[in-house]
Each structure stands twice: as structure tokens, then as C-alpha cells.
Amino acid sequence: MNRSLLNTLFETNAGLAGLILRAPIGLILAAHGAQKLFAWFGGYGLEGTGQWMASIGMTPGYLMALLAGSAEFFGGLALVLGLVTRPAAAVAAFTMLVAIFTVHISNGLFMSNNGYEYALTLLVALLAIVVQGAGSLSLDKLIANKLNR
């Protein structure tokens with residue numbers, strides 16, 4: 001892989017703000033992904049989530065549940081660690097965009113009506129992470145420092 005591309009992938013100027021933003025977003029995403037994948041925290045697991053996704057037209061439902069759950073769970077863990085942060089945030093942001101337009105948009109803005117405000121908030125935070133990177137307290141920063149030696 002091109003050294004310049006690797007530097008772009010891992011470099012960050014976010015400072016401590018990167019950790020402050022990505023850690024709670026990562027934990028939230030990982031928990032939601034665990035609901036979809038493993039039926040943890042009151043979730044329905046792959047089978048139940050897949051059936052629900054198929055019922056709203058996202059077919060094949062099981063595959064859609066696997067993709068969404070994986071993006072959230074593994075992407076969330078990557079954000080918490082600050083490892084391959086930009087790609088993880090980009091994939092999770094795309095997942096939020098899909099959620100907004102397939103599940104929430106017809107319900108309006110407010111979460112109390114199952115609207116898109118929360119998914120939009122996560123989307124915007126994830127896009128900020130894509131732009132700024134992981135921050136100074138991250139595995140990405142350690143990798144970037146090693147690459148620049």
C-alpha cells in the first residue's frame with residue numbers, strides 16, 4: 001500500500017477532542033450492533049433483526065442485519081480503540097444514512113415519533129470523525145508516528 005495513502009488513513013490533528021467524540025459514539029454503536037448480532041442488551045439477534053429488516057423491504061433481511069450489525073459493532077469497537085478510525089466511521093456513517101432513509105425519515109425529525117434526529121446526530125458526529133481522524137490518544141496516532149519515522 002502506498003505510504004502516502006497510509007499516512008492519510010492514520011494521521012490526525014484532532015488532539016484530545018478525537019477521543020472525546022469517538023469513544024462514546026463507538027460505545028453506542030457497538031451496543032446497537034451487539035443487539036443486532038448477538039441479541040445482547042434486549043436486542044433480537046440476527047434472526048429477529050433480519051426478519052424485521054425483510055418486513056420493511058430490506059432484503060435479504062438476514063444479510064442486511066449482518067451488514068448493519070457488523071458495521072455498528074466492529075466499527076464501534078474500532079472507534080473506541082481509535083484503530084482504522086476513518087474507514088470505520090465512514091462505514092458507520094453510511095449505515096446511519098441507510099437507517100435514516102429506510103426507517104426514520106417518514107416519521108419526521110423527532111425521536112419520540114421514531115424520527116431521524118438521533119441517527120442524524122450520529123451521522124454528523126461520524127462525518128466529523130472521518131474528517132478529523134482519531135485524535136492524539138489512539139492506535140491510529142501510534143501507527144502514524146511509526147510510519148513517519
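The exchange below concerns helix packing, nonpolar cores and aromatic pairs in a predicted model.

Colleague: At roughly what angle do the axes of helix 4 and helix 5 cross?

Modeller: The contact draws on Ala68, Ala71, Glu72, Gly75, Ala78 and Leu79 of helix 4, and on residues of helix 5 including Ala88, Ala92 and Met96. By class, this contact has 9 nonpolar, 3 polar and 1 charged residues. The crossing is left-handed, and the axes of helix 4 (residues 61-81) and helix 5 (residues 85-104), which come within 9 Å, cross at roughly 145°.

Colleague: Which helix gives the most residues to the largest nonpolar core?

Modeller: That core has 14 residues, and among those touching the most other members are Ile25, Leu29, Met96 and Leu123. The elements giving two or more residues to this core are helix 2 (16-38), helix 5 and helix 6 (117-132). With 6 residues, the one that gives the most is helix 6.

Colleague: Is phenylalanine 41 buried or exposed?

Modeller: Phe41 belongs to one aromatic cluster with Phe38, Trp40, Phe73 and Phe74. Phenylalanine 41 has a relative accessible area of 61%, and because the cut-off for that class is over 50%, phenylalanine 41 is exposed.

Colleague: Why is the pair of tryptophan 40 and phenylalanine 41 given its class, and what is that class?

Modeller: Tryptophan 40 also pairs with phenylalanine 38, at 4.7 Å centre to centre with 35° between the planes, and that pair is tilted. The ring centres of tryptophan 40 and phenylalanine 41 lie 6.3 Å apart with their planes at 90°. Because planes over 60 degrees apart take that class, the pair of tryptophan 40 and phenylalanine 41 is edge-to-face.

Key:
Residues are numbered from 1 along each chain as its sequence is written. This is a predicted model: local features need pLDDT of at least 70, side-chain atom pairs count only at pLDDT 80 or more; totals for chains, interfaces and linings use all residues. Side-chain values use heavy atoms; hydrogens and water are left out. Axes are lines fitted to C-alpha atoms, for helices over the stretch in contact, and angles run from 0 to 180 degrees between N-to-C directions. Helices (H or I, at least four residues) and strands (E, at least two) are DSSP runs, numbered from the N terminus. A crossing is left-handed if the near helix is turned anticlockwise from the far one by less than a right angle, and right-handed if clockwise. Contact means heavy atoms within 4.5 Å. Ala, Val, Leu, Ile, Met, Phe, Trp, Tyr, Cys and Pro count as nonpolar, Asp, Glu, Lys and Arg as charged, and the others, Gly among them, as polar. A nonpolar core is a set of buried Ala, Val, Leu, Ile, Met, Phe, Trp, Tyr and Cys residues joined through side-chain atoms within 4.5 Å. Buried means under 20% relative accessible area, exposed over 50%, partly exposed in between (1.4 Å probe, protein chains only). Rings of Phe, Tyr and Trp (its six-membered ring) pair if their centres lie within 6.5 Å; planes under 30 degrees apart count as stacked, over 60 as edge-to-face and the rest as tilted.
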